[in-house]
Amino acid sequence: MKSERKNKNLKKEIIKLYLKNISRPLRIIAGDPLALTGVFILLFLTMVGIFAPFLALYDPNETHIKTEGVVFSFEESLFRDEWISDLPLNEIKIIEDKPYTVGDGGFMASREKGTWTTWELTTEEDLFGLSFLRGEFGVVAGSGGTLLMYENGEWRKEDTGFTGTFYDVQLVRENFGLAVGQEGTIYKWDGTNWEQVSSPTPNDLHGIALLDQDNGFIVGSRGTILKWENGNLSPEMVMTIRDFFDIDIISSGFAAAVGERGTIFFYNGQRWSEQYGPETRELRSVIIRDENDIYVAGRFGISLNYDGLRWDRVDNPYRRHFRSLALFEDKLMVVGTDPYVNELASPTWAHPFGTTHIGRDVFSQVVFGTRTALFIGFVTALFVSIVGVNVGLLAGYFKGLLDDLLMRFVDIMYALPFEPFAMILVLVFEPSLWIVFLSIGLLTWRTNARIIRSQVLSLSERPFVKAAKVVGANNARIIYLHIAPNILPLAFLQLAVAMGWAITAEATLSFLGLGPPRIYSWGTILHAARLSGAWRTAWWWIIPPGVLIMLTVSSVFFLSRSLEVLTNPRLEGEIEDARD
Amino acid sequence: MNKGTYVLKRLGQSVIIFWIIITMLFFLFRLGLPDPTQALIAEGLSREERALVQERFGLDQPLGTQYLIYLRNTLRLEFGTSFYYKAPVAGIIHERLLNTLVLMFLAILISYIIGPLLGVLLSWKRGTRFEAGSIAVALLFRSAPVFWTGMIAIMLFSIRWGIFPASGMRTIPFAETTFLTKIFTLDFLHHLLLPSLTIGLYYVGLPMLIMRNTMLEVMGEDFIELCRGKGMSEGRVMYRHAARNALLPVVTQAAVTIGLAIGGQVVIETVFSWPGLGREMLQAVRNSDYPLAQASFLLMAAMILVMNLIADLLYSYLDPRVVYRGGK
């Protein structure tokens, strides 16, 4: 009866003891502003990790595609890109020394004295063709059979009955013009109406180049070139099946057509001959100044010049898609762009940390990386602490042979270099989360075990342990009820240290490519940046993960520094004997 | 226990640990890769050639015999032929090790000259802003992953400002020269400086803090009071008398650091494309070049063991107060 009550009291006391030893570190931290800051940073990062899916702006694997309507001006050695529309621009023409452009979503704009003005059109259709005789008379053409005539400040929608897409339109005189589009569609303007012309081809037609009412060409897909001569259409013999996208002609009768896979054809007045340019990708637009000065633009920022003898690339800093080009004040002016991968974009509101070399959002990767880093850091540290504490307890308490054995084992662990050990594991097995966990776990508990052991060695000589032995308490009871509570603060400190180390270690292994390949962590982000080679300039990609590692590790450090008071008696009185 | 037996015992321990590591490696490899010649088949090895290799390395023998052959080869430093380079492993490793040693030597020299000097200064200026500031900076460098610091350093000093070369050991093209003539060229030093400074700054915190802490201890001892009593300047007391006595833990830490640095700077060698042992081992792992990876690993482990041993012996030699108790 009496012993039972005593037992109960003892249990209470022991619980109190554990609590006391846990609460002490907390009180110490609360009194140290640096440690407190560290704790707040760690708590904040933990929250980021837990709520990663809500905080991430995008799926970290999503490739970000961007569409916009941009005018690129090539001025001397200077390049200017003006964003004027959310959607791609399809055509640019210079009319009476003023650039005009049309694009998707019924967009049309013209530039005057350096500023672009948007025209109010009554359509939402994508516009592909634009032709003005002068500022007061013109036409735009586009999808949904759209043909809009402009006359004396008024827009008039032409009803043609055609519902497909017009790809190009050209007016030559007030009473003559042509419009071409899908499936070989050709319409002719006679001054009052657009009339359908019977077409010799079922292929899509993309471009028109008329010299006058009686001479010109129409180009289209699958190598189609139609000759317009005195009101008649006849197919030209061209040795290609590639799609043509654009054609231009000059008064001498010389013409040039461009198309997919770098296709270029010249017309010398009699026949078409293939040219071998330096590009194999899609060419979208051509403009001829004279036979010895031809410009071509295409996808991925292609711009070429032909000087009568050979083709040269016109250097420009863009990789975006060009759709149409014009010569404005003797300089190239190009419009685009098709959807392009928003790669290596510097930070914007949409992508606070910019994007990677394949257009992925760095911010979202970092947020998910925080989750991985902290998770691995904490789980590994916990594992390491449990193993280390138990080995230390057993070795320090039992001494003798067991101690010798365990400590020699620790010595072996000390002789293993960390990164090379992980590399050997990867060599024998495969890169995975387990390798990271295993190599950090196996090589970190050694320090914990040593430190705990030396503490236990001194504790087990204390009177309260001897007293417990005399009373006849068994070993497990002495170890876990009498000694263990006393080393809890130390174990707590070691947990913090191990966590800081594990986070750096994980980052290091992942950086070397030894970690799991498809999981984001701070290390894998830096690994990807290094592999891409873009890290040398893309500071937004490598600074955030590194700064976060630095923040975490130094937080952990400040935390452990303030906890050192617990383990270094010289810093603050003697450690109290847990029993008084 | 007298000095001689202590040295012998520590030596014996190190040898046994090394033997255990060799053994561990053997079984780890056999566990993951029962027949190493399997990896060679992709290289176009015919059945007969494969049998020949198997016989030479005793792969057709029972496991026990294989183990003995492996031990014998390791002891004779016969690590076989690299799968990737098709050349003896020993020669490749020899060259890479020298490259790593040069890099690490300079890095550790930098950190173990600046570190202790700063440490003395810190203990002198205890409690000032200077102390807090220096500790904070050193810790910042310590908490940043060293490969990241290296990347930032390259980004700033090589790409943006063009002061240092971004990678490699020498400017391409270069003539083949001997190791010694190579390392005493300006070009080589130019390449060496940025990586070794990066590692040096990473390592500087440890000797600095150790030095500061031991200095604080030493400054409380009687002979310091005596020096002061004799009317010496504080600087002289600090650097000539106190620092000498506080240097011991720094020296032993230096030995341990050298051991770890040999294998520990795989990342910095990777970032700076420094053709050292660590980078070579990483490439060997990528190429599944078992002999090369295995030999590199053993060399690094041996280096750690030797340096730890030296640290222990140094400690016992330099500090007469240490009682030889067999490493307990």
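This report covers the domains, selected elements and surface patches of a predicted model.

## Chain A: two domains

Chain A splits into two domains. Domain 1 is assembled from two segments, 2-63 and 351-579. Domain 2 covers 65-341. The C-alpha centres of domain 1 and domain 2 of chain A are 65 Å apart.

## Chain A: an enclosed helix

Helix α10 of chain A spans residues 522-532. Eight of its eleven residues are buried, so the rest of the structure largely encloses this helix. The buried set opens with A:Trp522, A:Gly523, A:Thr524 and A:Ile525. It continues with A:Leu526, A:His527, A:Ala529 and A:Arg530. Nonpolar and charged side chains thus both appear in the list, including A:Leu526 and A:Arg530.

A:Gly533 follows α10(A). The phi of A:Gly533 is positive, near 80 degrees.

## Chain A: a buried strand residue

Strand β20 of chain A runs over residues 244-249 and contains A:Phe244. Is A:Phe244 buried or exposed? A:Phe244 has a relative accessible area of 0%, so it counts as buried. The cut-off for buried is under 20%.

A:Phe244 can also be placed relative to A:Ala257. These two residues are 13 residues apart along the chain. Their C-alpha atoms are separated by 6.8 Å.

## Chain B: helices without strands

Chain B holds 14 helices and zero strands. From the N terminus on, its order of elements is α-α-α-α-α-α-α-α-α-α-α-α-α-α. The chain has 328 residues, and buried residues make up 48% of them.

## Chain B: nonpolar surface patch

A nonpolar patch lies on the surface of chain B. Its members are B:Phe105, B:Leu109, B:Ile113, B:Ile114, B:Leu117, B:Trp124 and B:Tyr239. Together they have about 660 Å² of accessible area.

Which helix gives the most to the nonpolar patch? Helix α5 of chain B, residues 89-124, does so with six residues. B:Phe105 lies in this helix α5. B:Phe105 has 57% relative accessibility and therefore counts as exposed, the cut-off being over 50%.

## Chain B: positive surface patch

Chain B also carries a positive surface patch. Four residues form this patch: B:Lys230, B:Arg236, B:Arg240 and B:Arg244.

B:Arg244 sits in helix α11 of chain B, which covers residues 234-264. Why does B:Arg244 count as exposed? Its relative accessibility is 63%, and exposed means over 50%.

Key:
Residues are numbered from 1 along each chain as its sequence is written. Chains are lettered from A and ligands numbered from 1 in the order in which they are written. This is a predicted model: local features need pLDDT of at least 70, side-chain atom pairs count only at pLDDT 80 or more; totals for chains, interfaces and linings use all residues. Side-chain values use heavy atoms; hydrogens and water are left out. Patches are made of residues with over 30% relative accessible area and no salt bridge: like charges are joined within 9 Å, nonpolar side chains (Val, Leu, Ile, Met, Phe, Trp, Tyr) within 5 Å. Accessible areas come from the Shrake-Rupley method with a 1.4 Å probe; for residues, only the protein chains shown count as cover. A salt bridge is a side-chain nitrogen of Lys or Arg within 4 Å of a carboxyl oxygen of Asp or Glu. The place of a charge is taken as NZ of Lys, CZ of Arg, CG of Asp or CD of Glu. Helices (H or I, at least four residues) and strands (E, at least two) are DSSP runs, numbered from the N terminus. Buried means under 20% relative accessible area, exposed over 50%, partly exposed in between (1.4 Å probe, protein chains only). Domain bounds come from an automatic or database domain assignment.
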